[in-house]
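Opened a new model today and kept notes as I went. I wanted the fold, the voids, one helix packing and the aromatic pairs.

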Amino acid sequence: PEESALRRSARTWVGPVLVLGFFMLVCVLRWRQHFANVDDYLYALQTNAFLHSLSAGPKGVLAAWREYGTNAPLVPMVALPLALISVSPHALVLVQVGFLAVLLISCREILRDVGFTKDGSLLGASLITALPPVMGYAGLYHFAVASAACTALAAAGYLRSEQLTRRAPSI
């Protein structure tokens with residue numbers, strides 16, 4: 001018997017929705033405990049510096065990058081739209097949703113490339129993304145999830161590039 005469109009849609013979205021639900025649960029638990037660690041606040045200070053440097057143009061941004069040169073700027077730079085609302089680490093941590101999505105999609109593509117079915121690859125990628133260590137770091141305003149997402153994206157691109165012979169995935 002043919003599967004209904006609703007059932008196919010539910011199978012497609014259940015994993016990503018559970019990942020988002022786990023992430024929100026981690027965030028709510030941290031917010032209720034008023035928990036933030038030193039890294040959260042250091043990254044929030046860095047984000048605040050980047051936000052204020054924008055008014056000085058490219059030279060100001062470069063100066064802020066130099067000031068915080070020991071820290072990776074990706075997460076604070078991506079979080080700048082959130083910083084317009086609040087520079088609290090409790091708000092800025094929401095930037096992790098995008099990195100979790102990149103991790104989920106990249107893992108799904110890797111699993112598809114190694115032979116998993118469409119549904120199996122999505123389930124596997126959802127399980128990987130929902131692992132406690134991943135969710136634990138996702139609840140922090142930290143570079144760990146962004147790093148994992150970038151690594152998985154690079155691996156997925158490499159697998160698709162046929163040993164870097166196909167230009168688009170190689171880039």
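My entries follow in the order I looked things up.

**Entry 1, overall layout.** First reminder to myself: this is a predicted model. I counted helices and strands and got 11 helices and 0 strands. Reading along the sequence I simply wrote down α-α-α-α-α-α-α-α-α-α-α. For the extent, I took the C-alpha atoms along the principal axes, and they fill a box of roughly 60 × 45 × 25 Å.

**Entry 2, α1 against α7.** How do α1 and α7 pack, in angle and axis distance? I got an angle of about 145°, with the axes 11 Å apart. Helix α7 covers residues 96-113, and α1 runs over 5-32. I noted the crossing of the two as right-handed. Then I listed who meets whom: P16, L20 and F23 on the α1 side, Q96, V97, L100 and L104 on the α7 side. By class that contact has 6 nonpolar residues, 1 polar and no charged ones.

**Entry 3, the largest pocket.** I put its volume at about 150 Å³. Which residues line the largest pocket? I wrote down T12, W13, P16, L104, I105, R108, R112, K118 and L122. P16 and L104 were already in my notes from the contact of α1 with α7, and here they turn up in the pocket lining. Three helices, α1, α7 and α8 (118-129), each supply at least two of the lining residues. The largest share is from α7, with 4 residues. I sorted the lining by class and got 5 nonpolar, 1 polar and 3 charged.

**Entry 4, the cavity.** How many cavities of 30 Å³ or more does the structure hold? I found 1. Its volume is about 40 Å³. The lining I recorded is C27, R30, W31, F35, A36, D40, P89, H90, V93 and G139. From α1 comes the largest share, 3 residues. Both α1 and α6 (89-92) supply at least two residues each. By class I have 6 nonpolar, 2 polar and 2 charged residues around this cavity.

**Entry 5, aromatic pairs.** I counted 3 aromatic pairs and picked Y43 with Y141 for a closer look. Why is this pair edge-to-face? The ring centres are 5.5 Å apart and the planes sit at 70°; planes over 60 degrees apart count as edge-to-face, so the label follows. Next I checked where the two residues sit. Y43 is in helix α2 (residues 38-53), while Y141 is in the loop between α9 (132-138) and α10 (144-160). The two parts are 98 residues apart in sequence, so the pair ties together stretches that are separated along the chain.

**Entry 6, recap on α1.** I kept coming back to this helix. It packs on α7, helps line the largest pocket and gives the largest share of the cavity lining.

Conventions:
Residues numbered from 1 in each chain as written. Predicted model: local features only at pLDDT ≥ 70, side-chain atom pairs only at ≥ 80, totals over all residues. Heavy atoms only, no water. 1 Å grid on protein atoms, 1.4 Å probe; cavity = no way out; pocket = protein on both sides within 12 Å on 5 of 7 lines; lining within 4 Å. Points joined across faces, edges and corners; volume = space filled by probe spheres on them. Nonpolar A, V, L, I, M, F, W, Y, C, P; charged D, E, K, R; others polar. Axes fitted to C-alpha atoms, helices over the stretch in contact; angles between N-to-C directions. Left-handed = near helix turned anticlockwise from the far one by under 90°. Contact = heavy atoms within 4.5 Å. Phe/Tyr/Trp six-rings, centres within 6.5 Å; stacked < 30°, edge-to-face > 60°.
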